[in-house]
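Please go through the structure shown here with a newcomer, and for each term applied to it explain what earns the label.

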Amino acid sequence: MTLVWVTGNSGTGKSTVCGVLRARGYVALDADEDGFSTWIDRAKGEMVVDPPYPVPGGWLNRYGWAIIRERVETLVEESRFRTAFLCGSAENEADVRDLFDLTVCLVIDEDTLRHRLATRTTNTFGQHPEELAAALKWNPRMRATYESLGATIIDACKPVTEVVDSVIDAVHGLTGSTR
């Protein structure tokens, strides 16, 4: 079993990569859409049941997008005999990093980030000024952060088929197999 964390900043194409991996027959889950992540109140440590949209000014200073370790542990158990991909990003990724065999980080330049966040239709995060500012703040840090953790870095400005091929190649390089 190989469990792969496909991460990156908002707008790098994690959900799109997830969809292509699924279409190619892989077990690929979207941490945002498939119940692996939730908004939390950092001060209280509680889940936010009904987050506001758009977020009011300062909201992102108190609340954060977090991955739920128990859900990832369940995925580890369910994926014992095949490669599985979990695609997403969360501020507490360090809490689950030990559960993954490989981390792949998708990176893009600022112009591409701005364009993707402004034009995407599958997810509204990044279209509100406070969210865009947060994404722009994190974008230059992503590559250095994940390189220092030993992640495979993939330029996600390329066509999605090339990006997905690179993700699969990274798994192949780790295991010698992609299934």
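Q: Why is Arg143 called partly exposed?
A: In this predicted model, Arg143 has a relative accessible area of 38%. Buried would need a value under 20% and exposed one over 50%, so a residue in between is partly exposed.

Q: What makes the contact between Glu147 and Arg143 a salt bridge?
A: Their side chains meet at 3.6 Å, N to O. The limit for a salt bridge is 4 Å, so the pair qualifies. Glu147 is also partly exposed, with a relative accessible area of 45%.

Q: Why are Glu147 and Arg143 separated by about one helical turn?
A: Because they are four residues apart in helix α5, which covers residues 129–148.

Q: What makes Arg114 and Glu110 a salt bridge, and where do they lie?
A: The N to O distance is 3.2 Å, and the cut-off is 4 Å, so the label applies. Both lie in helix α4 (residues 110–119), and because they are four residues apart, about one helical turn separates them. Arg114 has a relative accessible area of 39% and is partly exposed; Glu110, at 40%, is partly exposed too.

Q: How do you know that Arg62 and Asp41 form a salt bridge?
A: Their closest N and O atoms are 2.7 Å apart, and a salt bridge is counted within 4 Å. The pair links distant parts of the chain: Arg62 is in helix α2 (residues 59–62) and Asp41 in strand β3 (residues 37–41), 21 residues apart.

Q: Are Arg62 and Asp41 buried or exposed, or something in between?
A: Asp41 has a relative accessible area of 6%, and buried means under 20%, so Asp41 is buried. Arg62 stands at 34% and counts as partly exposed.

Q: How many salt bridges does the rule give, and which residues form a network?
A: The count comes to nine salt bridges. Arg69, Glu73 and Asp98 are linked in a network of them.

Q: Why is the aromatic pair of Trp59 and Tyr63 called stacked?
A: The structure holds five aromatic pairs. In the one formed by Trp59 and Tyr63, the ring centres are 4.3 Å apart and the planes are at 20° to each other. Centres within 6.5 Å make a pair and planes under 30 degrees apart make it stacked, so both conditions are met. Trp59 and Tyr63 also belong to an aromatic cluster together with Trp39 and Trp65.

Q: How do you know whether Trp59 and Tyr63 are buried?
A: Trp59 has a relative accessible area of 9% and Tyr63 is at 17%. Buried means under 20%, so each of them counts as buried.

Q: What makes Arg71 a charge that sits over the ring of Phe36?
A: The charged end of Arg71 is 4.1 Å from the centre of that ring, where the distance limit is 6 Å. Arg141 sits over the ring of Trp138 in the same sense, 5.0 Å from its centre.

Q: Why are β2 and β8 called edge strands?
A: Five strands form an open sheet in the order β2-β6-β1-β7-β8, with parallel pairing. β2 (27–30) and β8 (152–155) each have a single partner strand, so one side of each is left without a neighbour in the sheet.

Q: What makes β7 and β8 a pair of strands?
A: Four bridges join β7 (residues 102–107) to β8, and at least two are needed, so the strands pair. Leu106 stands opposite Ile154 in β8. β2 and β6 likewise pair over four bridges, in the parallel sense, and the partner of Asp30 in β6 is Cys87.

Q: How do the side chains along β2 point?
A: They alternate: Ala28 and Asp30 point to one face and are buried, while Val27 and Leu29 point to the other and are not.

Q: Why does Trp5 count as buried?
A: Trp5, in strand β1, has a relative accessibility of 3%, and the buried class lies under 20%, so Trp5 belongs to it. Beyond its neighbours within four places in sequence, Trp5 is in contact with residues including Ala31, Ile67, Leu86 and Phe100.

Methods: Residues numbered from 1 in each chain as written. Predicted model: local features only at pLDDT ≥ 70, side-chain atom pairs only at ≥ 80, totals over all residues. Heavy atoms only, no water. Phe/Tyr/Trp six-rings, centres within 6.5 Å; stacked < 30°, edge-to-face > 60°. Buried < 20%, exposed > 50% of the residue type's maximum accessible area, 1.4 Å probe, protein only. Lys NZ or Arg CZ within 6 Å of the ring centre and 35° of its normal. Contact = heavy atoms within 4.5 Å.
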